[in-house]
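Biologist: Could you take me through one part of this model closely, and then show me how the rest is put together around it? I work at the bench, so please explain your terms as you go.

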Amino acid sequence: MTLQPLTPVNCAGLLQPGCSLLQLDGEVLLFGQKGWPKRSCPTGVFGVRFKHGEMKLRAISFSNDSCYLPPLRCPAVCRLDPYDGLPESYLIHGGRTPNNEISSSLYLLTMDSRGCNRKLTLCCTEKELVAEVPGPRYGHTMSMVQSRGKTACVLFGGRSYMPSGERTTESWNSVVDCPPQVFLFDLEFGCCSAHTLPELSDGQSFHLALAREDCVYFIGGHSLASDSRPPRLFCLHVELLQGSPLLSCETLDNGLSISSAIFTRTGPTHRYIILGGYQSDSQKRMECTTVILDEKGIHFDPVETPKWTPDIIHSRTWFGGSSGEGGILLAVPTEGRPSQQDMHYFYQVNFQTEGETREEDGTLACSQESTDYDDSTPLEDSEELYFGREPHELDGSSDGEGEAYNEEDEEDESQTGYWIKCCLGCQLDPNTWEPYYSTELHRPAMIFCSRGEGGHWVHAKCMELSETLLLKLSQGNKKYFCLDHGGLPYQEMTPPRHIIPLKRITMKAKDKKRPLTIKMSPAKKSFFRRLFD
């Protein structure tokens, strides 16, 4: 195992206690950052990449038919492996918003497409729940169980605000543990059912939930009623019968006293490693534990801990999430050191060994508990602009279904079109580059010129584009020429529109005297003519 310090290249302030890490289509995604996102990333989801000891973030776009996904902290996150022809996806329920509002919505997050420039596009839909719907909460868990050929979702724990009838002026923002009920709902119809079990008598939050087939294990957790973290371990057995489901619970005596911990999957079977968390309000849990789920039950074994740095040992809080199979992203606050610009130190813990066989990632870790919800500052505009291209315009690209995604290809400048030198007169230095447009994330904005052999990329700043024009050109899938090939904006596919000149009519002078004319019928004219004759 290794503990590697990470240098955040940009937007390190987005990672805050309560955020979650997801793995979708081989890419690590950050969800639930601090602050409300603006136009540049309206869904608040960022791609996280680790390379050469650096951590970079990139804004992830969503499809046009996606619903709005608020930046939820401490939600229940559950991974859905591909089944019945459905792609891999994530369920996100509840959570706390930066405005201290607690959500009760259920979202389904899937991959919509991946463009020829390796840009990931997600799709988010809100699932409607009926019958006995769980109330708004955060710090709870959600797991998938399979029984008798059926699949269902199990939701348990969490905390929320006091009921409206019990809230006073002094306790208006006080939170309590949710009733210890187990909610079971199916994803096809959204029907929910609440179940009360005698073994689950106290509410618990920020616990761990590991599932295998028809069993779910609840490990540890914090109880507000007793302000304690007892070494609890429950085994919930779910039978999805034809009529109503049958639930039973067993209390085991080999639990862990832990809350707000992180776990990651490490083996070909249901093998996990638990790291982090708290044993009490003032004591972190520095040990690491291996958890194995098999036919006989659950087994805990101690594992060698990484060589902790002094910053980790002396920090009061820490948080993070699973960054892939056998990997954990860990963050500790800088404790207000004026010499440190970033708010947190970041580390990557890797438990994967060469002899272990890789398999698909399991359920992700629950996000870290955060008891400090200060007024959130708005997220600055930051986005890496991409301009659409046809697949045949990118050398070596392929939209075939069987092609695997390789992170090395994404960093390769010749594959993505992001060249350091765009033209002979390019003055941008990547080592001393500073953002010029507010929409840039960590690379200069570029635009694709379709003239020449295969086309080429040029920096928008070298094209002397205004930010308004740059945003306008980024919409749609159009082709443009650079200054060396005809100027801009010139659309190759759209012929210029011919404007018909307006016919000018001279205005009559206001003071021009005109003879008085009286309109009369022929009968009146004959009458006046005979009268004067």
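Modeller: Happy to. Two strands count as paired if DSSP finds at least two bridges between them. Strands themselves are DSSP runs of type E with at least two residues, while helices are runs of H or I with at least four residues, and both are numbered from the N terminus. This is a predicted model, in which local features need pLDDT of at least 70 and side-chain atom pairs count only at pLDDT 80 or more, while totals for chains, interfaces and linings use all residues. Residues are numbered from 1 along each chain as its sequence is written, and side-chain values use heavy atoms, with hydrogens and water left out.

The part I have picked is an open sheet of 4 strands. Its order is β18-β19-β20-β21, and the pairing is antiparallel. β18 (208–212) and β21 (246–251) are the edge strands; each has a single partner, so one side of each is left without a neighbour in the sheet. On average, neighbouring strands here are turned by 20° against each other, direction ignored; the angle is taken between lines fitted to C-alpha atoms, and such angles run from 0 to 180 degrees between N-to-C directions. β18 and strand β19 (residues 215–219) run antiparallel and are joined by 5 bridges. If you want one pair to find on screen, take L208, whose bridge partner in β19 is I219.

Another open sheet in the model has 8 strands, in the order β2-β3-β4-β5-β1-β30-β29-β28, and its pairing is mixed. β2 (20–24) and β28 (319–324) form its edges, each pairing on one side only. The average turn between neighbouring strands of this sheet is 35°, again ignoring direction. At one end of that order, 5 bridges pair β2 with strand β3 (residues 27–31) in the antiparallel sense, and S20 stands opposite F31 in β3.

A third place to look is the hairpin of β12 and β13. Strand β12 (residues 141–147) has 6 of its 7 residues buried, so it is largely enclosed by the rest of the structure; buried means under 20% relative accessible area, exposed over 50%, and partly exposed in between, with a 1.4 Å probe and protein chains only. Its antiparallel partner is strand β13 (residues 150–156), and 7 bridges join the two. Among the paired positions, S143 has V154 in β13 as its bridge partner. There are 2 residues between the strands of this hairpin, and R148 takes a positive phi near 55°.

From β12 you can step across to D81. The C-alpha atoms of D81 and M144 are 9.7 Å apart, although 63 residues separate them along the chain. D81 sits in the loop between β7 (76–80) and β8 (89–93) and is partly exposed, at 34% relative accessibility. Its side chain makes a polar contact of 2.9 Å with the side chain of R79, where a polar contact is a pair of N or O atoms within 3.5 Å; within protein, one must be able to donate a hydrogen and the other to accept it, and residues adjacent in sequence count only if both atoms are side-chain atoms.

The loop between β6 (61–62) and β7 holds S63, a buried residue at 12% relative accessible area. The S63 side chain has polar contacts with the side chains of D65, at 2.6 Å, and S66, at 2.8 Å. Leaving aside neighbours within four places in sequence, S63 is in contact (heavy atoms within 4.5 Å) with D112, T121, L122 and C123. T121 belongs to strand β10 (residues 120–127) and is also buried, with 14% relative accessible area. Beyond four places in sequence, T121 touches residues including S61, F62, M111 and S113.

For your bench notes, an unreviewed UniProt entry places the feature "binding site" at C422, C426, C449, H456, H459, C462, C482 and H485. UniProt positions follow the numbering used here, feature names are shortened, and annotations may be inferred rather than shown by experiment. C426 lies in the loop between α3 (413–416) and β31 (446–449) and is buried at 6%. C449 is in strand β31 and is buried at 1%.

Finally, the overall view: the protein chain comes to 5 helices and 32 strands, and 50% of its 533 residues are buried. Of the contacts between residues at least 6 apart in sequence, 59% join residues at least 24 apart.
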